[in-house]
There are 2 protein chains.
Amino acid sequence: MPGRKKRGQQTVVFDSPPVITAWASVVGPKEGEGPWGQDFDLVLEDYLFGEKTWEMAEHKMLREAITRAVDKRNFMPEDIDLLLAGDLLNQIVASNFAARDLEIPFLGLYGACSTMSEGLSVGAMLMDGGYFERIVAAACSHHYTAERQYRFPTEQGVQKAATAQWTATAAGAVLLEASGSGPSIKSITVGKVIDMGQTDQSDMGSAMAAAAAHTIKTHLSDLNLPGDYYDLIVSGDLGQIGSAIARQLFVRDGIISPEYSDCGVLLYDQSQTVGSGASGCGCCACMLCGPLLKKMQKGEINKLLLVATGALMSPVTSFQGESIPSIAHAVAIETA
Amino acid sequence: MPGRKKRGQQTVVFDSPPVITAWASVVGPKEGEGPWGQDFDLVLEDYLFGEKTWEMAEHKMLREAITRAVDKRNFMPEDIDLLLAGDLLNQIVASNFAARDLEIPFLGLYGACSTMSEGLSVGAMLMDGGYFERIVAAACSHHYTAERQYRFPTEQGVQKAATAQWTATAAGAVLLEASGSGPSIKSITVGKVIDMGQTDQSDMGSAMAAAAAHTIKTHLSDLNLPGDYYDLIVSGDLGQIGSAIARQLFVRDGIISPEYSDCGVLLYDQSQTVGSGASGCGCCACMLCGPLLKKMQKGEINKLLLVATGALMSPVTSFQGESIPSIAHAVAIETA
């Protein structure tokens, strides 16, 4: 029956909630020095990871996160039916080159920093629907590839605005299976593109806050859930400024007493001089595939709503004076 | 049951083949002057389409193709559950801005020129699986946005290599529904990334030929089909040079007597000085959403295998000396 799994406006509920049977994260030195350093699978000693370029280092980080996640279940890359991955680089080359190395059937995604949620959403539907047996969803970013692509040559040492966020050097990968041990994905909400007319590339948290609030409100409303249903609603990556705006929007939207935080706020310590916080596809990916899923494993979080957000402009459209369209996808992860 | 819909290595067969109930295409002046001009829904008079920039013109072309496809079934954009779209621009901004205007829940894809196949593949699985009622898959490209992003400022008038392809100014959109009148998607094959070590950005057809051949071989083998099963196997966009290589690979792979052509060869007339042929996400998209689906409607083609191919490098990775990873996804479309 068409659309029988859709609830309300934008949400899908699963008959057979896909299980997150394994996950892994690889982060850069700065991320390792933050409050969650011991929760990641690998903390790099430098930003090149034995490669000649930052771009190739980024692809190697993604590949490493995927192989580590798969290895935890004693699988090889060839045992995986589908890889869903994306990153911030033009033409998502980090993901493309990782998919080449791993030889896993591949669907490339672009959702900017919302990519981890996007991959989990698509992956969960394709798993629940019985299309594949083992699916990996993964995302990554690298501070120095993003700086030179989106902003200035790193060597210039250009000063950042206080509202700007620090692109994380991080990768995360999740293995989905139809059954097994681990938290499962109960539902997902696919976001709409929301554009508040904001044009400041140095304050993307403010641009994305409305998309996060819209998706969270829609998710709760589609499933008729109270605002305090989840142990934690975690957006990413709004940073300090964007998440403060999101809190105001929760009040406006009548979302009562959510336990709420933001991956961009959580990843670094305040002392690490990262402006408004962390950003990048890897931020949500490593926070999920490190501290957050560990907390679920330990029973410290039982119901998590991951709402990764993406700013969907390009340097060209910003230069042309266009505003910043934003999106957020929600993934509801629960322990049995 | 996990993976119960997967056949062989990389192919999925549908219990309830999603129906292509409507489609539309919008092309530029040069594409309108080619052999299929009368088969497109709209041929633009210029490359700006009433916008101030080529980038905004490209997003408007995609939006127009989507609204026209949806309108043919008397739907409004708000009746659509999901938009799957991508393009060649950095951060797929044409798709992002179209999704913003249309306010349809959106999943952004990046598969370079393979995007139309990628969107149809994901869309068909999500439709067959009962997740959504109405899904649109769409893709676009614009000659002048691609030239200045990937090659040289258009104003320089740099001479092209004879092996180079001409990025099409074109958009195509397909509406998928669970039932109705129209050809249906019987199966899909998700591609693997294949890299032959080719580094010449001016000859992407040669780089992608092996990916096309690999996916076609895998599709036929996964479903145990003879090489002449399809009335037409159409790749895109290998161009003259790439498709000649693909034909040699069919012989090597023992694929006997396929009716084979390539969207990059078909879109323009030989007299239009387009080097090795057409390319760009919009090439396969408009060829499908114009002449090819029209031929299916008329009964001139009953079994079509669309194998859109993508070159997954970026200008940065090419500058760094990396080779061109390529991918191809196959979509089997049949009339009842």
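Two residues are in contact if their C-beta atoms, placed from the backbone, lie within 7 Å. By that rule, 55 residues of chain A are in contact with 55 residues of chain B. This is a predicted model, in which local features need pLDDT of at least 70 and side-chain atom pairs count only at pLDDT 80 or more, while totals for chains, interfaces and linings use all residues. Residues are numbered from 1 along each chain as its sequence is written, and chains are lettered from A and ligands numbered from 1 in the order in which they are written.

The side of chain A that touches chain B holds the following classes (Ala, Val, Leu, Ile, Met, Phe, Trp, Tyr, Cys and Pro count as nonpolar, Asp, Glu, Lys and Arg as charged, and the others, Gly among them, as polar).

| Class | Residues of chain A |
|---|---|
| nonpolar | 28 residues |
| polar | 15 residues |
| charged | 12 residues |

Helix 3 of chain A gives the most to this side, with 5 residues (helices are DSSP runs of H or I, at least four residues, numbered from the N terminus).

A turn of 180° and a shift of 0.0 Å along the axis lay chain A on chain B with an RMSD of 0.0 Å (superposed by least squares on the C-alpha atoms of residues with pLDDT of at least 70 in both). That is the relation of a two-fold axis. The same surface serves both copies, as 100% of the contact residues of chain A recur in chain B. Among the residues of chain A, L109(A) comes closest to the rotation axis, at 2.2 Å (C-alpha).

Key. Helix = DSSP H or I, 4+ residues; strand = E, 2+ residues; numbered from the N terminus.
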